[in-house]
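Q: I should like to learn how side-chain contacts are read from a model. Where might we begin?

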Amino acid sequence: MPFWRGDVTKEGYRKKGVATAIIREAEKLASDRGCTHIGLEVSSKDNPEARRLYEHLGYIDWGYGEFQISWEYHDKHGTSTRSDIVIFMQKPLVY
């Protein structure tokens with residue numbers, strides 16, 4: 001059974017350091033490739049735990065407000081489209 005279901009980490013897998021390790025590795029890879037900043041989107045209303053994690057890791061709100069994103073995904077039931085209202089968070093990379 002996967003630990004992640006499209007947009008939600010299952011309860012038993014939370015707060016074990018996995019997300020922090022993945023984010024730190026993404027930051028390192030970006031820095032190794034010469035990037036000076038990194039960013040991500042987080043649901044503005046439905047995911048306060050994720051936002052707290054990102055803030056703890058040094059990400060800040062970009063300051064331009066919320067915006068809507070939409071994406072298409074494919075699973076065993078076919079193709080679906082979802083959307084969410086998000087904010088963009090970013091941080092400088094210093095490695």
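A: Let us begin with the aromatic residues of this predicted model. Trp 62, Tyr 64, Phe 67 and Phe 88 come together as one aromatic cluster.

Q: How many aromatic pairs are there by the rule for ring centres?

A: The count is 4 aromatic pairs. One of them joins Trp 62 and Phe 88, with 5.6 Å from centre to centre and 65° between the planes. Planes over 60 degrees apart count as edge-to-face, and the pair of Trp 62 and Phe 88 is accordingly edge-to-face.

Q: Which parts of the chain does the pair of Trp 62 and Phe 88 tie together?

A: Trp 62 is located in the loop between strand 4 (60-61) and strand 5 (67-75), whereas Phe 88 belongs to strand 6, so the pair ties together parts that are 26 residues apart in sequence. As for accessibility, Trp 62 is partly exposed at 34%, and Phe 88 is partly exposed at 26%.

Q: Let us turn to charged residues. What is the general idea of a salt bridge?

A: Side chains of opposite charge can pair when their charged atoms come close. The cut-off is a nitrogen-to-oxygen distance within 4 Å. In this model the count comes to 6 salt bridges.

Q: Which parts of the chain does the salt bridge of Glu 27 and Lys 91 link?

A: The side chains of Glu 27 and Lys 91 form a salt bridge at 3.3 Å, N to O. This pair links distant parts of the chain, with Glu 27 in helix 1 (residues 18-32) and Lys 91 in strand 6 (residues 78-92), 64 residues apart.

Q: Are Glu 27 and Lys 91 buried or exposed?

A: Both Glu 27 and Lys 91 are buried; the term applies under 20% relative accessible area.

Q: How should one read a salt bridge whose partners lie in one helix?

A: Consider the spacing in sequence. Lys 28 and Asp 32 both lie in helix 1, 4 residues apart, which is about one turn of the helix. Their side chains meet in a salt bridge at 2.8 Å, N to O. Lys 28 is partly exposed, its relative accessible area being 40%.

Q: What is the arrangement of Arg 51 and Glu 55 in helix 2?

A: Arg 51 and Glu 55 form a salt bridge, with 3.2 Å between the closest N and O atoms. They are separated by about one helical turn because they lie 4 residues apart in helix 2 (residues 48-56). Arg 51 is partly exposed at 26% relative accessibility, and Glu 55 is partly exposed at 41%.

Q: Which residues are joined into one network by salt bridges that share partners?

A: Arg 24, Glu 27 and Lys 91 are joined in this way.

Terms used:
Residues numbered from 1 in each chain as written. Predicted model: local features only at pLDDT ≥ 70, side-chain atom pairs only at ≥ 80, totals over all residues. Heavy atoms only, no water. Helix = DSSP H or I, 4+ residues; strand = E, 2+ residues; numbered from the N terminus. Buried < 20%, exposed > 50% of the residue type's maximum accessible area, 1.4 Å probe, protein only. Phe/Tyr/Trp six-rings, centres within 6.5 Å; stacked < 30°, edge-to-face > 60°.
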